[in-house]
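User: I'm new to this one and don't want the full tour. Please pick a single part and take me through it closely.

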Number of protein chains: 2
Amino acid sequence: MNPTLKKLEAALALSVEEQDYLRHLQGARRRIPAGQQIVVEGETYRQISFLIDGWAFRSKVLPDGRRQIFSYLIPGDLIGLRASLMEFADDTVEALTNCVVSSFSLERLYEACRAHPRLAVALMWSAAREQSILSEQVMRLGRRNAVERIAHFFLELLRRLQLVDEADRRSFELPLTQELIADTLGLSIVHVNRTLRTLRQRGLVMIDDGRLVIHDIEKLSEVASFDPLYLDQDAARA
Amino acid sequence: MNPTLKKLEAALALSVEEQDYLRHLQGARRRIPAGQQIVVEGETYRQISFLIDGWAFRSKVLPDGRRQIFSYLIPGDLIGLRASLMEFADDTVEALTNCVVSSFSLERLYEACRAHPRLAVALMWSAAREQSILSEQVMRLGRRNAVERIAHFFLELLRRLQLVDEADRRSFELPLTQELIADTLGLSIVHVNRTLRTLRQRGLVMIDDGRLVIHDIEKLSEVASFDPLYLDQDAARA
DNA sequence: CGCTAGGTTGAATACGCTCAAAGATCGTGG
DNA sequence: CCACGATCTTTGAGCGTATTCAACCTAGCG
């Protein structure tokens with residue numbers, strides 16, 4: 001089942017009609033191959049997509065080539081809502097792995113919000129949660145060192161993936177290269193490599209064949225000052 | 001006049017009824033003294049406020065005292081929308097200067113969106129713009145050095161303040177201490193001080209008695225790789 | 001006048017970067 | 001089947017940006 005719907009229903013306790021409406025909203029499923037750009041900086045984009053399967057990421061590149069990855073989109077996340085609301089997209093969304101999405105037009109979104117105002121609230125809640133995650137990214141970059149950044153980032157991914165059944169108690173598939181981690185956390189590739197070694201040697205985390213295993217969640221949370229409050233919130237009851 | 005309404009009307013071309021409704025929505029104006037916390041991390045908050053006058057900032061503190069400031073709120077910005085949608089606020093909003101706000105309850109917001117669905121779009125657009133600014137903050141922290149961070153931050157403030165008539169062509173009142181700048185840009189106070197000196201000596205920027213003057217906007221934009229696209233966007237025409 | 005908050009500067013240190021080179025892994029084509 | 005290129009990972013060495021610690025200066029205020 002569509003993980004976005006599941007997430008929204010869980011967080012907001014939608015009525016049966018609202019759930020049905022949402023289900024009826026989504027169009028045909030579409031495959032997007034890894035590497036394809038879904039939203040392109042500077043272009044207009046007028047479509048909202050449920051990300052059903054796969055990972056994508058949002059990024060921007062400076063004129064001299066330095067790249068910053070802002071966030072990762074995993075199953076259950078929405079793609080393109082922000083870009084649809086603005087004249088031009090101001091960042092790029094790219095499929096990291098092969099993805100499956102289900103899209104609908106901005107017009108149909110407006111209809112949906114008119115028919116069921118609580119769906120508009122659901123959308124705003126989803127956007128609010130995204131902003132919480134982005135704020136925590138700012139905290140990582142501004143006030144955490146390399147070890148803390150990576151530890152915190154991994155714990156955030158673990159929790160987010162667990163909420164959509166894509167991670168077990170302490171491990172998950174991690175489709176990231178060290179270069180992507182570097183561009184996410186504002187570090188150099190070399191330093192990411194060394195820091196991962198440190199975490200491994202301390203017995204905290206291991207990456208084995210594309211799978212991240214967290215050996216000691218308690219200790220890693222301690223190291224990272226990880227407080228999952230920002231990820232575990234439901235919406236306010238209206 | 002309420003700068004938030006002005007901003008929304010300019011960006012979205014609201015109808016006369018919508019404008020009236022918005023105007024009628026706002027309650028009595030209220031003063032908030034500098035230093036007072038408006039939204040507190042971990043508490044519930046169920047109120048939306050137009051920030052009419054003054055500056056506020058959104059921040060979070062790590063257990064060991066390290067503080068990160070995520071963003072500044074200036075006249076025309078909304079306070080508390082995100083916190084209102086979630087169970088608990090996950091960051092703190094504090095008045096930096098004396099502020100004037102006009103608040104209304106979450107319930108009245110819902111009514112407004114039901115009465116005029118385009119107002120919901122206006123809110124989402126406002127939130128989207130906030131997220132653009134936050135993304136650029138991530139870019140500053142992750143992939144820019146101290147000189148670039150400060151230069152870029154000042155140019156962003158200049159542009160944002162100009163849009164609400166709080167800055168002239170190249171200067172504005174800057175109510176920030178070097179400590180606040182440090183906590184915003186992920187630097188130490190000492191390094192902010194030295195970097196400001198560098199910018200001054202290069203003839204780019206000067207802070208004189210609480211007023212920031214940018215001597216050479218072109219050159220500063222060049223130094224910062226500043227592209228104002230993310231600040232100058234109107235909403236998509238529905 | 002003395003306290004406090006903010007700004008400025010020097011010296012030593014450290015964290016993370018750059019440059020460079022060498023392994024590992026994998027798909028592809030000769 | 002192996003050689004080759006491409007991509008990713010790993011490690012060493014030297015360097016540079018930003019930090020920490022410490023001291024001093026300045027202005028505002030009770």
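Analyst: What follows is a close look at helix 8 of chain A, plus its surroundings.

Some housekeeping before we start. This is a predicted model, where local features need pLDDT of at least 70 and side-chain atom pairs count only at pLDDT 80 or more, while totals for chains, interfaces and linings use all residues. Residues are numbered from 1 along each chain as its sequence is written, and chains are lettered from A and ligands numbered from 1 in the order in which they are written.

Let's start with the DNA. Helix 8 of chain A covers 189-201 (helices are DSSP runs of H or I with at least four residues, strands are E runs with at least two, and both are numbered from the N terminus). Which helix gives the most to the surface near DNA strand D? That would be helix 8 of chain A, with 6 residues. Helix 7 (178-185) of chain A and helix 8 of chain B also supply at least two residues each to that surface. There are 15 residues around DNA strand D, and the nearest are Gln178(A), Asn145(B), Ser188(B), Val190(B) and His191(B) ("near" asks for a C-beta atom, placed from the backbone, within 6 Å of the strand). By class they split into 6 nonpolar, 6 polar and 3 charged (Ala, Val, Leu, Ile, Met, Phe, Trp, Tyr, Cys and Pro are nonpolar, Asp, Glu, Lys and Arg charged, and the others, Gly among them, polar).

Now for DNA strand C. Here helix 8 of chain B gives the most, with 6 residues. Helix 8 of chain A takes part as well, since it is listed with helix 7 and helix 8 of chain B as supplying at least two residues each. DNA strand C has 15 residues around it, and the closest are Asn145(A), Ser188(A), His191(A), Thr177(B) and Gln178(B). That surface has 6 nonpolar, 6 polar and 3 charged residues.

Next, what does helix 8 of chain A pack against within its own chain? One partner is helix 7 of chain A: the two meet at about 105°, with axes 8 Å apart (axes are lines fitted to C-alpha atoms, for helices over the stretch in contact, and angles run from 0 to 180 degrees between N-to-C directions). They are therefore roughly perpendicular to each other (that label covers 65 to 115 degrees, with under 35 roughly parallel, over 145 roughly antiparallel and the rest oblique). Gln178(A), Glu179(A), Ile181(A) and Ala182(A) of helix 7 meet Ile189(A), Val192(A) and Asn193(A) of helix 8 (a contact needs C-beta atoms, placed from the backbone, within 7 Å). That contact has 4 nonpolar, 2 polar and 1 charged residues. Notice that Gln178(A) has already turned up among the nearest residues to DNA strand D.

The other partner to look at is helix 6 of chain A (residues 146-163), which packs on helix 8 of chain A at about 75° with the axes 10 Å apart. That makes this pair roughly perpendicular too. From helix 6 come Ala146(A), Val147(A), Ile150(A) and Ala151(A), and from helix 8 His191(A), Thr195(A), Leu196(A), Thr198(A) and Leu199(A). By class, this contact has 6 nonpolar, 3 polar and no charged residues. So where else does His191(A) appear? It is one of the closest residues to DNA strand C.

Helix 6 of chain A also holds Arg149(A). Is Arg149(A) buried or exposed? It is buried, with 24 other C-beta atoms within 10 Å (20 or more counts as buried, 12 or fewer as exposed, and in between as partly exposed, with C-beta atoms placed from the backbone). Leaving out residues up to four places away in sequence, Arg149(A) touches Arg140(A), Arg144(A) and Leu185(A).

Past helix 6, the loop leading to strand 9 (171-173) of chain A contains Asp165(A). Its phi is near 60°, a positive value in a residue other than glycine, and Asp165(A) is exposed, with 11 other C-beta atoms within 10 Å. Asp209(A) also has a positive phi, about 55°, without being a glycine. Asp209(A) sits in the loop between strand 10 (205-208) and strand 11 (211-214) of chain A, and with 5 C-beta neighbours inside 10 Å it counts as exposed. The C-alpha atoms of Arg149(A) and Asp209(A) are separated by 22 Å, and the two are 60 residues apart along the chain.

Notes
Contact = placed C-beta atoms within 7 Å.
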